[in-house]
Amino acid sequence: MVSAVVNTIRNVVGIIGNIISLFLFLSPVPTFVEIVKKGTVEQYSAAPYLATLLNCMVWVLYGLPMVHPHSILVITINGSGTAIEVVYIILFVLHSDKKKRIKVMLVVLVEVIFVALVALLVLTLLHSTKQRSMAVGIICILFNIMMYASPLSVMKLVITTKSVEYMPFFLSLMSLANGIAWTTYAFLPFDQFIAIPNGLGTLLGVAQVILYACYYKSTKRQMAARQGKGQVDLSAVVVSESDSGDSKKIGTAVADGG
């Protein structure tokens, strides 16, 4: 009876985790809409999408019945993530220059070969799900920690600039919720390979939300100061031009821009 209740709770938490993770996977959509409209990737990097693709493929391998039984929810979200990242990478390649296109395609090839080799070695050399879970799980932990550690550079920027302008609150909040959901899932029953990276992800998510709370007001002050400075500069332009009789025209342009 107890095990049935725990299993039901685990499935519910896993479904919630799937939904949150799906939102995170879809968060770059506006970026790619902009890329498609402009017809170029400009200075955008493919690194986040390549890293996420590799991470998802490894977790799909971990969730296979012959590796870690009863992990269908791990397969569903990471299978979806793999498909989404493939679409992102195809769009990136189509809108890149030749040099960048070749580089991205080579990285994807290396990633596919790596996952295929891991799958081949694990399924042929290890003969129990416990051994296979251990081997693939360790790899998953390493990749997941790297994924969750990626916001550290943004957090450093926030502390340096005392501004959260480049750390969207919604994304930070969803990352925290994702970490909490999958950490909870990992304890029903306990799975250290899911618990360790997502536990660290939860702590990083908490840190991001705290930073946002600490620097939200200073960010508003900085943005207001920039806007105020812009208005002063425009006013100065209007005053300087008034002697030549063009002030009315410039004043109208400023009003339209507001």
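Analyst: Helices are DSSP runs of H or I with at least four residues, strands are runs of E with at least two, and both are numbered from the N terminus. V87 sits in one such helix, α4. A heads-up before we go on: this is a predicted model, where local features need pLDDT of at least 70, side-chain atom pairs count only at pLDDT 80 or more, and totals for chains, interfaces and linings use all residues. Residues are numbered from 1 along each chain as its sequence is written, and side-chain values use heavy atoms, with hydrogens and water left out.

User: How many helices and strands does the protein have?

Analyst: 10 helices and zero strands. In sequence order that reads α-α-α-α-α-α-α-α-α-α.

User: What makes V87 count as partly exposed?

Analyst: Its relative accessibility is 45%. Buried means under 20% relative accessible area, exposed means over 50%, and partly exposed is in between (1.4 Å probe, protein chains only), so V87 lands in the middle class.

User: And why are C140 and C214 classed as they are, buried or exposed?

Analyst: C140 has a relative accessible area of 0%, so C140 is buried. C214 has 52%, so C214 is exposed. There are zero disulfides in the structure, a disulfide being a pair of cysteine sulfur atoms within 2.5 Å.

User: Why are α2 and α4 called roughly parallel?

Analyst: The axes of α2 (residues 29–38) and α4 (residues 72–94) come within 10 Å and cross at roughly 25 degrees. Axes are lines fitted to C-alpha atoms, for helices over the stretch in contact, and angles run from 0 to 180 degrees between N-to-C directions. Under 35 degrees is roughly parallel, over 145 roughly antiparallel, 65 to 115 roughly perpendicular and the rest oblique. α2 and α4 are therefore roughly parallel. Their crossing is left-handed, i.e. the near helix is turned anticlockwise from the far one by less than a right angle (clockwise would make it right-handed).

User: Which residues make that contact?

Analyst: V29, F32 and V36 on α2, with Y88, L91 and F92 on α4; contact means heavy atoms within 4.5 Å. By class, that is six nonpolar, no polar and no charged residues. Nonpolar covers Ala, Val, Leu, Ile, Met, Phe, Trp, Tyr, Cys and Pro, charged covers Asp, Glu, Lys and Arg, and the others, Gly among them, are polar.

User: How do you know how α3 and α5 are oriented to each other?

Analyst: Helix α3 (residues 47–63) and helix α5 (residues 98–125) have axes that come within 10 Å and cross at roughly 15 degrees. The pair is therefore roughly parallel, and the crossing is right-handed. Residues of α3 including L50, L54 and L61 meet residues of α5, among them V104, E111 and A119. The contact divides into 15 nonpolar, no polar and one charged.

User: What makes H70 and K162 worth flagging?

Analyst: Phi is near 60 degrees for H70 and near 55 degrees for K162, each a positive value in a residue other than glycine. Most residues other than glycine have a negative phi, and most peptide bonds are trans. H70 is in the loop between α3 and α4 and, at 72% relative accessibility, counts as exposed. K162 lies in the loop between α7 and α8 and is partly exposed at 46%.

User: Where is there a cis peptide bond?

Analyst: From L188 to P189, with omega near -10 degrees. P189 is in the loop between α8 and α9 (192–242).
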